[in-house]
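Please look over the sequence and the structure below. A short briefing on two topics follows.

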Amino acid sequence: MTNPSPTTDGSWKPRIVAFFCNWCTYTAADLAGVSRMKHASNVRIIRLMCSGRVDPQFVVDALAKGADAVLIGGCHPNDCHYVEGNYKCLRRFHLLQRVVADMGIEPERLRLEWISAAEGEKVKRVINELVDTVSKLGPLGLPRRFQQWDEEIEALADDVAAKENAAEGGGVDQGKTPQTMESAHA
Amino acid sequence: MKPIVSKKHEPIRIGYYICHCGTNIAGMVDVEAVRKYAAALPNVAVSRNYKYMCSDPGQELIQQDIRENRLNRIVVAACSPLLHEHTFRKATAAAGLNPFYLQMVNTREHNSWVHTDRGEATRKAMALTHAAIRRVPHHKALEVKKVAINPNVLIVGGGIGGIHAALTLANAGKMVYLVEKEATIGGHMAKFDKTFPTLDCAMCVLSPKMASVGSHPNIHLWTYSEVTKVDGYVGNFKVAVRRKPRYIIEDLCTGCQECVDECVYREPKFPDEFNLGLGKRKPVFLAFPQAIPPIAMIDPEVCLNFKRGVNPDGSRTVSDKCKKTCVEACGDRKAIDFKQTEEIKEINVGTIIMATGFQIFDAKRTPYYGYGVYPNVYNALEIERLVNASGPTEGALVTRNGQVPKKVAIVHCVGSRDENTNRWCSRVCCLYSLKLAHLIKEHTDAEVYNFYIDMRTPGKSMEEFYNRVAEEGMHLIRGRVADVYPDPSDGATGRLVVQAEDTLTNKILKIPVDMVILGVGLEPHPEAEHLRRMFNLSCSSEGWFLERHPKLAPVNTFTDGIFLAGCCQGPKDIPDTVAQAGAAAAEAFALIDKGHVEQEPNTAYILAEECSGCKSCIPLCPYTAITFDDTRLKAIINETLCKGCGTCVASCPSGSIVQNLFEDEEIFSEIDGVLADEPA
């Protein structure tokens with residue numbers, strides 16, 4: 001997958017991946033639609049049955065593949081269609097926030113919201129707020145960063161190989177291309 | 001990207017269809033551009049756009065392509081999958097393809113209806129289309145699970161809505177459990193005097209229905225009872241009902257009321273709930289003469305036979321102060337049991353109808369109208385009781401000091417259409433205010449002043465009713481009442497002055513009256529929030545139970561097998577409540593009559609060879625569907641218990657749990673798709 005740097009052409013707009021639970025937040029987004037509540041178009045919603053299904057890998061993967069932020073939407077506490085999946089999601093979210101922060105990613109790029117099926121208005125507000133926040137933060141551009149790191153490692157590997165060649169007087173090729181960060185992740 | 005080949009080495013051939021939905025989608029999304037974009041994506045064999053995909057020709061298009069172009073995956077970009085997924089699954093299945101080879105792209109609710117920039121909306125449609133086209137090759141052929149449905153129905157609430165639904169289902173031969181919180185069924189309607197627009201007496205039409213409920217062989221009527229726990233799901237709910245002690249054994253009481261006559265309290269002394277405290281009752285009492293079931297109950301808070309307070313086990317301590325004349329009067333029937341305690345009954349039902357009603361707005365929240373301060377300010381429900389022949393004054397409409405009023409003001413929209421209280425229109429107040437105006441005129445020949453904001457009388461025969469009442473010589477004043485205060489010239493008589501601006505003449509009016517009636521609005525039942533959580537329902541922001549679709553599924557909820565009837569869903573009048581109750585009964589009946597429920601095959605299963613036996617999934621399952629096989633040291637998911645939330649899947653450290661329809665590969669490919677760059 002190609003991922004040209006979105007900033008170079010000057011028309012960068014945030015791309016946000018959202019994971020919404022089927023029963024509350026996805027339905028609320030439908031309600032926002034039925035009620036024609038206009039909001040920013042940067043969010044791509046992926047439907048899951050429950051916010052408890054949100055595997056932290058989904059979030060990390062979305063960021064790695066070029067999302068500028070991830071939004072998770074679930075039912076309000078005590079309202080989960082599956083009793084307490086949203087609570088399980090919250091636990092993972094807290095942990096994930098720390099991991100993401102340790103990776104040097106701004107915590108605002110991760111957002112968890114409880115939005116009930118009746119809160120179309122809240123879908124609109126949260127999406128607009130998040131788009132606003134991320135627009136100010138600028139692109140996350142992880143794929144580009146991965147690419148740069150890969151290039152650096154490759155350059156380093158070449159450097160080392162060249163030195164080794166010089167030392168050993170032209171040894172055998174290592175026969176292994178360095179793994180990209182992206183494929184290492186996947 | 002290389003085309004994905006399925007396990008049977010049959011190449012994936014996707015049919016992509018984008019719907020115009022008239023101009024709903026095509027007006028904001030360039031459907032032709034999206035169609036072209038999709039056509040160029042891997043595995044796409046056919047890409048079309050069509051005006052209405054959900055129409056018969058639209059569905060036929062898919063079926064024809066499946067047959068002629070050997071399609072084995074279908075992607076439809078149209079409205080929300082929550083609306084039409086089943087339509088397109090059916091169309092897919094009709095052409096011989098497994099219905100779960102379908103994926104939908106929400107291009108209307110999540111896109112064309114909420115965006116204003118055509119370019120952006122089109123880009124978004126492309127991104128989501130890309131996601132679906134990457135996802136759908138991973139879809140597997142799945143089978144719908146069929147689970148037998150329990151034919152019994154629980155109806156919560158015994159007002160006119162619950163009564164009508166119960167009778168409809170019971171007459172169809174279904175066993176109904178009707179659970180009512182109060183000691184009698186009848187709800188608010190039993191308190192009304194006449195009903196608009198026909199002015200027929202409420203009890204005359206209601207009491208035969210109440211009696212039928214009481215005697216129906218297919219109805220278990222549990223009054224003075226509350227649902228305490230709900231488990232399970234459509235077809236198989238397990239419900240616990242608390243039957244509160246009435247200290248009278250239902251099966252032995254004949255409803256003769258001799259105990260009431262013989263109570264040591266010779267005169268009724270305690271506020272009578274049914275008459276909103278305007279009348280008095282004894283500690284042993286029948287809610288009202290036509291109560292169903294016609295069984296008396298004892299109020300332990302005021303009965304001399306009980307010591308104050310409840311024992312830790314829920315029983316009451318009997319005192320020796322009372323002569324127990326009621327027990328003597330009951331005699332051989334032995335229906336009185338002071339040792340009664342509450343009982344928890346467990347029942348199994350397949351469907352549930354919520355008919356829990358409303359509460360009237362508490363007029364004390366609008367202090368400027370003086371309700372609760374000036375004795376002659378009443379709410380409308382109190383007036384219903386006062387004009388009723390079986391009410392506390394036997395139908396005499398009099399002020400607190402017993403005078404027949406000469407002038408009466410009726411204030412509309414109290415606690416409705418008001419930023420400070422409730423914003424909604426309660427729908428019935430204009431009409432019941434007109435009805436009360438008519439009844440007051442009829443009873444007392446008083447001058448009646450109706451203060452309204454807008455006169456809202458929609459519905460069959462309602463405008464005619466308004467004209468009729470207007471012609472009877474009412475004062476109809478368009479203006480919101482600002483203040484009610486004691487008449488300064490005449491304070492001692494309890495006479496009041498109503499101040500309002502007549503917005504048609506731009507004059508401030510100060511009208512002295514003998515009685516002020518507040519046309520209070522309807523509010524969600526105080527226990528709606530508690531019930532909502534117990535039954536796993538959604539509420540609108542106002543607190544009414546939320547229907548699945550405002551137009552197309554008005555009695556369904558988001559929880560399959562639970563239906564709504566009456567004012568728990570929003571303010572409505574009696575005809576609408578009855579209509580909705582009938583609809584809810586029909587929906588429940590349709591489910592029961594089918595005999596089984598089809599379950600979405602989105603359950604999870606464990607790949608045994610990859611399970612490390614760490615057990616981390618087991619405590620996560622809210623349905624205890626996961627167990628551990630001690631001999632093989634692997635976790636096992638019981639498919640019939642699994643509800644398909646996928647929480648265990650997300651937690652499995654070895655990635656050995658798979659959720660059908662939401663497999664990891666499917667989600668990852670969606671993520672890839674939405675982030676693949678669309679052409680500018």
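How many residue pairs are in polar contact across the interface of chain B and chain A? The rule finds 21 such pairs, both residues at pLDDT 80 or more; a polar contact is a pair of N or O atoms within 3.5 Å, where within protein one must be able to donate a hydrogen and the other to accept it, and residues adjacent in sequence count only if both atoms are side-chain atoms. This is a predicted model, in which local features need pLDDT of at least 70 and side-chain atom pairs count only at pLDDT 80 or more, while totals for chains, interfaces and linings use all residues. Residues are numbered from 1 along each chain as its sequence is written, chains are lettered from A, and side-chain values use heavy atoms, without hydrogens and water.

**Interface**

- Chain B gives 54 residues to the contact and chain A gives 56 (contact: heavy atoms within 4.5 Å).
- Six salt bridges are counted between chain B and chain A (a side-chain nitrogen of Lys or Arg within 4 Å of a carboxyl oxygen of Asp or Glu).
- One of them joins A:Arg47 and B:Glu85, at 3.4 Å from N to O.

**Sheet in chain B**

- An open sheet of four strands has the order E2-E1-E3-E4, with parallel pairing (strands are DSSP runs of E, at least two residues, numbered from the N terminus; two strands pair if DSSP finds at least two bridges between them).
- Strands E2 (44-50) and E4 (102-106) of chain B are at the edges with a single partner strand each, so one side of each has no neighbour in the sheet.
- Strand E3 (residues 73-78) of chain B is joined to E4(B) by five bridges.
- B:Val76 has B:Met104 in E4(B) as its bridge partner.
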